Amino acid sequence: MHETDMTRALILTVKDWWDAQTEPPRIERIHLTVGKFTCVEPVSLQFSFEVQRQGTFLAETELVIEEIPLVAFCHPCQQSYEPEIGLHYACPQCQSPMEDIRSGRELKIDRLEYCTDSTPSQAYAPNI
């Protein structure tokens, strides 16, 4: 379950950002983008986050995961298609092998929602 190590890296990345702030904010949500072609299970990632956040500065933080579909582009047909992961990766029209992946390999922190005493409303930290 590599999601455990990924969650540890996520928490350390957010901690670095949190420590660099002049006023430590209360992080309400972490938005992750996870491509379906990354071999990361969102359910396992969510579970790992729930366990590892306990007793940390993220104890009250929600993890929001947006899954991005696998989309490939076929150059001979000049069209995009969504391959069936684990079953069929060729273009459905001409059967050319999948060569150009347009989405589905993302694994990143999209943004944070947080607030501080001086910023009572929510603020965003995009792409930390």
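**Chat: loose cysteines and a few loop residues**

Biologist: Starting with Cys77, is this residue buried or exposed, or partly exposed?

Modeller: Cys77 is partly exposed, at a relative accessible area of 29%. For the labels, buried means under 20% relative accessible area, exposed means over 50%, and partly exposed is what falls in between (1.4 Å probe, protein chains only).

Biologist: Before we go on, what kind of model is this?

Modeller: It's a predicted model: local features need pLDDT of at least 70, side-chain atom pairs count only at pLDDT 80 or more, and totals for chains, interfaces and linings use all residues. Residues are numbered from 1 along each chain as its sequence is written, while side-chain values use heavy atoms, with hydrogens and water left out.

Biologist: Back to cysteines. How many disulfides are there in the whole structure?

Modeller: Zero turn up in a search of the whole structure. Cys77 is in none, and the nearest cysteine sulfur, at 3.5 Å, belongs to Cys94. To count as a disulfide, a pair of cysteine sulfur atoms has to be within 2.5 Å.

Biologist: And why is there no bond for Cys94?

Modeller: Because its closest cysteine sulfur, the one in Cys77, is 3.5 Å away, which is too far for a bond. Cys94 is partly exposed too, at 33% relative accessibility.

Biologist: Switching topic: how many helices and strands does the chain have?

Modeller: Two helices and seven strands, in the order α-β-α-β-β-β-β-β-β along the sequence. These are DSSP runs numbered from the N terminus: H or I over at least four residues for helices, E over at least two for strands.

Biologist: Is the chain compact or spread out?

Modeller: Spread out. The radius of gyration is 18 Å, well over the 14 Å that the globule rule gives for 128 residues, so the chain is more spread out than a compact globule. That radius is taken over C-alpha atoms, and the rule is 2.2 Å times the number of residues to the power 0.38. The C-alpha trace spans about 60 × 30 × 20 Å along its principal axes.

Biologist: What share of the 128 residues is buried?

Modeller: 38% of them.

Biologist: And what about charges: how many positive and negative side chains?

Modeller: There are 10 positive and 20 negative ones, and the centres of the two sets are 2 Å apart. Lys and Arg are the positive ones, Asp and Glu the negative ones, with His and the chain ends not counted. Each charge is placed at NZ of Lys, CZ of Arg, CG of Asp or CD of Glu.

Biologist: Any odd backbone angles? What's phi for Cys39?

Modeller: About 65°, a positive value although Cys39 is not a glycine. Cys39 is in the loop between β1 (26-35) and α2 (42-52), and is exposed at 61% relative accessible area. Gln78 also isn't a glycine and has a positive phi, near 55°. Its loop runs between β3 (71-74) and β4 (79-81), and Gln78 is exposed at 55%.

Biologist: Where is Pro25, and what does Pro25 touch?

Modeller: Pro25 is in the loop between α1 (3-20) and β1, and is buried at 5% relative accessible area. Leaving aside neighbours within four places in sequence, Pro25 is in contact (heavy atoms within 4.5 Å) with Trp17, Trp18, Tyr114, Cys115 and Thr116. Pro25 and Thr116 are 91 residues apart in sequence, yet 4.7 Å apart C-alpha to C-alpha.

Biologist: How about Pro83, buried or exposed?

Modeller: Buried, at 9%. Pro83 sits in the loop between β4 and β5 (100-103). Not counting residues up to four places away in sequence, Pro83 touches Leu70, Ala72, His88, Tyr89 and Met98.

Biologist: Last one: which loop holds Arg53?

Modeller: The loop between α2 and β2 (62-68). Arg53 is buried, with a relative accessible area of 17%. Beyond residues up to four places away in sequence, Arg53 touches Ile11, Leu58, Ala59, Glu60, Thr61 and Glu62. Arg26 is 27 residues from Arg53 in sequence, and their C-alpha atoms are 14 Å apart.
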